[in-house]
Amino acid sequence: MPPRRVDPAIAEAVERQAAAMRELSRRASPEPDVVVPEDAPAPIQQARAERRR
């Protein structure tokens, strides 16, 4: 079987998407020692607000 050829643009898009998912996961499950102020927006509200900008 010949080696698979990967389109560089697709590989870059996959990596960007993976990085975005890691960032969302990190935001959704912050480190336990991080103190979040009570009046801080919930992560989903923050994500929606950022998407609107």
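**Exercise 1. Determine which side chain pairs with Arg22, and state how exposed the partner is.**

Solution. Step 1: the side chains of Arg22 and Glu15 form a salt bridge, with an N to O distance of 3.1 Å. The term denotes a side-chain nitrogen of Lys or Arg within 4 Å of a carboxyl oxygen of Asp or Glu. Side chains of opposite charge can pair when their charged atoms come close.

Step 2: Glu15 has a relative accessible area of 45% and is therefore partly exposed. Buried means under 20% relative accessible area, exposed over 50%, and partly exposed in between (1.4 Å probe, protein chains only).

Step 3: the basis of these values must be stated. The structure is a predicted model, in which local features need pLDDT of at least 70 and side-chain atom pairs count only at pLDDT 80 or more, while totals for chains, interfaces and linings use all residues. Residues are numbered from 1 along each chain as its sequence is written, and side-chain values use heavy atoms, with hydrogens and water left out.

**Exercise 2. Identify the salt-bridge partners of Glu23 and locate them in the helix.**

Solution. Step 1: in the salt bridge between Glu23 and Arg26, the closest N and O atoms are 2.6 Å apart. Glu23 also meets Arg27 in a salt bridge, at 3.0 Å from N to O.

Step 2: Glu23 and Arg26 lie three residues apart in helix α1 (residues 8-28), about one turn of the helix. Glu23 and Arg27 are also separated by about one helical turn, because they are four residues apart in α1. Helices (H or I, at least four residues) and strands (E, at least two) are DSSP runs, numbered from the N terminus. An α-helix has 3.6 residues a turn, so residues three or four places apart point the same way.

Step 3: Glu23, Arg26 and Arg27 are thus linked in a network of salt bridges. Glu23 is partly exposed at 28% relative accessibility, and Arg27 is partly exposed at 36%. The whole structure holds three salt bridges.

**Exercise 3. Compare the span of α1 with its expected value.**

Solution. Step 1: the expected span is 1.5 Å times one less than the number of residues. Step 2: α1 has 21 residues and reaches 30 Å from its first C-alpha to its last, close to the expected 30 Å.

**Exercise 4. Describe the setting of Ala47.**

Solution. Step 1: Ala47 belongs to helix α2 (residues 43-52). Step 2: its relative accessibility is 23%, so Ala47 counts as partly exposed. Step 3: Ala47 and Leu24 are 23 residues apart in sequence, and their C-alpha atoms are 8.8 Å apart.
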